[in-house]
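Me: I would like to understand how the words used for a protein model are tied to numbers. Could we go through a few of them together?

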Amino acid sequence: MRIPVPRAVPRALSRALPRALVALSLAATGLGTVVLGTAAPAAALDNGLALTPPMGWNSWNTLGTGVTQEEVLQTIDFMAANGLVQAGYDTVTIDDGWSLGHRDGQTTDLVKTAYGAMQLYDANRNPTSGTDGTGFDLTTGHLVPDPARYPAHTVNGQTLNGIQYLSWYAHSKGMKFGLYATDTYTTCQGRPGSLGHESTDAADFVAWGVDFVKYDDCPYGPQIIGPDGHNYWTQGEGRELTRSIYARVRDFQQALDAASRAQGRPRVALSVSAQPVHSGVPYLLAGDDPARTDPVVVAAGTPAFEAPGYAPTGVWCGQVANLCRIGGDRGPDLEGVLYNGQLQTALKYPGNVRPGSWNDLDMMFAGWQNPYGVYGVTDTCPCHKPMSVTESRSEMSILAMLASPLISGADLRTAADSRHTQDGLTWSTGITAEQLAVYKNADVIAIDQDRLTRPATLVGAPPAGSTAPIVLKRQLADGDTAVLLVNQDPAGYRNVSTTLAELGLTGPGYSAKDLWTGATGNVTGALGAQVEPHGVVLYRLKPLPGTGPAAVIGDGRYHGISAGGTGGQALEVQGTCSAPDGSPTDINTWWSWHTSEQWNFAPNPDGTVRITDNCYTDTQRHGTLTGAAVAGQPARVRNAWDPADPAQKWRVVQSTTTGALTITNVATGLVLSAPQTAATSPVVTGPPDGSLVGQSWSLLS
């Protein structure tokens, strides 16, 4: 057995494609009989589900299409007994392959074309290619769980089919149950899809107690060359060509909601599993497709050769589903989740991240062990190399920073239940205790589940290469900041660092906890570490206690202030009030009547502070203290005040124990500092460092 073929279009393309390509022509009346829906704009999905990123397990990465009822029961028991459910991993999902190859309205499996697509028929029941968007699916009935792998059971006198039984069992353990379906005629593994059967399948899923549906997209068919000569690649047939993925997902979501209402059962969360690699055939997309009028899709625009409601899902998916795959399938290599993988894509679509809508970076490979052989012994394919514990921590950290769902694809069963024998060797694919501890790290889970639901942003410029380090930051609901230092180099240690200024943190200092080692310390300037190959260091920063807004803010008075270590010398406009506009600041002997040494701290509407001198001369007219763009350069006073200029804005906090002020520039995060003690020495802005007394200012008046 080999690794399961990839999802979505790559899975479809794994079948041999014929060489012959047929240019399509579209009859003007060809769409009317195959399209559904209305042109009313859709509002963002708000079904009250998935208010934090879902957590759980999916069968695909380890068990593929061969997954059985017994294996799922073993997984549920293991998760409940080993603290995973308590940690938040509460959903167990069966992926593709659970049903028979036909619905109960037929006695034989689906008829397929040479392309692996389901055979469609015209109005006279003659086979048709469907590549002009027409054609009918003649199959009827309900999906049938494969009885050989999912036998029925009797519970409390009621006979439950094999899927319904698993749902009941998961619920009995305090868990949720998920199932797989597709918005196409066939699933990626050739079972019946839900396109055209949305109401039937949704009603069955709700009746079976399904809580979560993973909804994939697998359009089998020939490559499509349009009348414009452009190769649109494989996109399916029939309604797959005339209804956008957006529309087909919305159809199923609405069917699920309708079934829940009709049966008086809870709503079902919906996950769009596939990020389509194709973009849609614009000339075949129905004129009344809802993606054409959705305001989010319209605002994003549609490039040439594309159609609304296809890629990228990161633009629109949250309008119709709770989870949104934003990239292709990942393997067990960490590169798939690093910057040149799905991380870069996720950073492009922060607007799709909110309660009830999450960018999905695919199932996790943390703790996954090769089920196809003993890696390095009977199987040396790099595509099957398991992640190290270090790489597992890195994968989980990146997903947590991006508020991605945490859905494991590892074998969450005991060593005995997960035993394999091949070529005279016996091994287990069950997760190890060390890898299990990665999943159960409560501090990292808390980052992922943070109620502010604001995903990480990149600190600084994009990395110069695939092995260059990166830094991510994420604002948290309680005011803390998560900072992730990532070494993308698989071969060597890297020094990865940032500063409070680069992080936009303006406080005088922060406590820092390393969420993987538990080590703690304080940060007043730089934050960095030597990070092992393909490793990360994940910090949670919390403002040090004992500071608050300065009492001088908004009191309407002018104050003299002196830097620590300067013997009481005051901040002044260098050259006093006769200095020209834009003059630098310095420290000098304090004279209470020198208006050039008197400063007012006025609050701005955005919560920042404007600091002005008390001069009123031909050259100095209540000049505004303005920070330098580069560390070590003097702060200056400028007569012109620009409320949009962050260099003229400051954050001023006061120690509750000493009364000392820390004055931080909004534009740079640099702190007002007197690095020298001699009279007329310049006052500059520099990196925050709690050990520098010249950054601590006391009131003289």
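Me: Why is C188 called buried?
Reply: Buried means under 20% relative accessible area, exposed over 50% and partly exposed in between, with a 1.4 Å probe and protein chains only; C188 has a relative accessible area of 0%, so C188 is buried. This is a predicted model, in which local features need pLDDT of at least 70 and side-chain atom pairs count only at pLDDT 80 or more, while totals for chains, interfaces and linings use all residues. Residues are numbered from 1 along each chain as its sequence is written, and side-chain values use heavy atoms, with hydrogens and water left out.

Me: What makes C188 and C218 a disulfide?
Reply: A disulfide is a pair of cysteine sulfur atoms within 2.5 Å, and the S to S distance from C188 to C218 is 1.5 Å, so the pair fits the definition.

Me: Why is the disulfide of C188 and C218 called right-handed or left-handed?
Reply: The torsion about its S-S bond is about 55 degrees, so the disulfide of C188 and C218 is right-handed. For C577 and C615, whose sulfur atoms are 1.9 Å apart, the torsion is about -75 degrees, so that disulfide is left-handed.

Me: Why is C383 called buried or partly exposed?
Reply: C383 has 34% relative accessibility and therefore counts as partly exposed. Its disulfide partner is C381, which is also partly exposed because its relative accessible area is 27%.

Me: What makes C577 count as buried?
Reply: The relative accessibility of C577 is 11%, so C577 counts as buried.
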